[in-house]
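Hi there,

Here is the structure I promised to pass on. Please have a look at it when you get a moment; my notes follow below.

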Amino acid sequence: MIALRPMKATEFAAYLAYFIPDYAVEIAANYGLSETEGFARASREIADHLPDGPQTPGEVLLCIVNEADDHVGYLWYRPAPAERSAFISDFHILAAHQGRGYGRQALNALETHLAESGIAEIRLRVAADNERAQHVYKTSGFQTTGINMSKRIGEP
């Protein structure tokens with residue numbers, strides 16, 4: 001059984017240690033940037049979006065824990081109550097805990113929590129090359145609603 005709990009301020013550094021390098025690799029691969037540029041962009045974006053860490057207004061950072069209260073992953077979302085929606089900014093099951101169904105269980109727990117809060121839709125963006133994540137989302141009932149595209153122009 002999976003549970004979601006608010007991330008503690010003391011856990012934010014560990015979250016950043018996972019998130020920034022992971023996101024930097026995705027940025028570099030998907031936007032044709034160097035590893036250094038990807039890391040700089042990921043660092044800037046996280047500083048812009050989460051200036052107060054887990055206490056940033058309008059952002060919800062959660063830790064995913066299993067039945068033994070082991071920390072197995074992270075979930076970051078932004079509710080938009082006026083739209084009755086929430087946008088998942090990051091969802092990650094730690095490598096040592098992948099392949100055990102925790103991803104689907106965490107999404108189900110989030111769905112239940114959000115529905116109880118009046119949210120009617122969950123949105124997210126998934127990298128085109130992340131087939132594992134796409135599989136988890138599709139088997140959890142998510143549908144593709146569009147494709148993000150970009151083109152680099154001029155000097156970086």
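The radius of gyration is 16 Å, which agrees with the value near 15 Å that a compact globule of 156 residues would have. Bear in mind that this is a predicted model. Measured out along the principal axes, the C-alpha trace spans about 50 × 35 × 35 Å. Buried residues account for 33% of the 156 residues. As for how the chain comes together, 52% of the contacts with a separation of 6 or more are between residues 24 or more positions apart.

On to the secondary structure. The protein has 4 helices and 5 strands, and if you follow the sequence they come in the order β-α-α-β-β-β-α-β-α.

The part I looked at in more detail is a pair of helices, α3 (residues 102-116) and α4 (residues 131-139). Their axes come within 10 Å and cross at roughly 50 degrees. Because that angle falls in neither the roughly parallel, the roughly antiparallel nor the roughly perpendicular range, α3 counts as oblique to α4. The crossing of α3 with α4 is right-handed.

Which residues do the two helices bring to this contact? From α3 there are G103, R104 and L107, and they meet H135, V136, Y137 and T139 of α4. By character, the residues of this contact divide into 3 nonpolar, 3 polar and 1 charged.

If you open the model, the contact of α3 with α4 is the place I would love to hear your thoughts on.

Best wishes

Methods: Residues numbered from 1 in each chain as written. Predicted model: local features only at pLDDT ≥ 70, side-chain atom pairs only at ≥ 80, totals over all residues. Heavy atoms only, no water. Axes fitted to C-alpha atoms, helices over the stretch in contact; angles between N-to-C directions. Parallel < 35°, antiparallel > 145°, perpendicular 65-115°, else oblique. Left-handed = near helix turned anticlockwise from the far one by under 90°. Contact = heavy atoms within 4.5 Å. Nonpolar A, V, L, I, M, F, W, Y, C, P; charged D, E, K, R; others polar. Rg over C-alpha atoms; globule rule 2.2 N^0.38 Å. Buried < 20%, exposed > 50% of the residue type's maximum accessible area, 1.4 Å probe, protein only.
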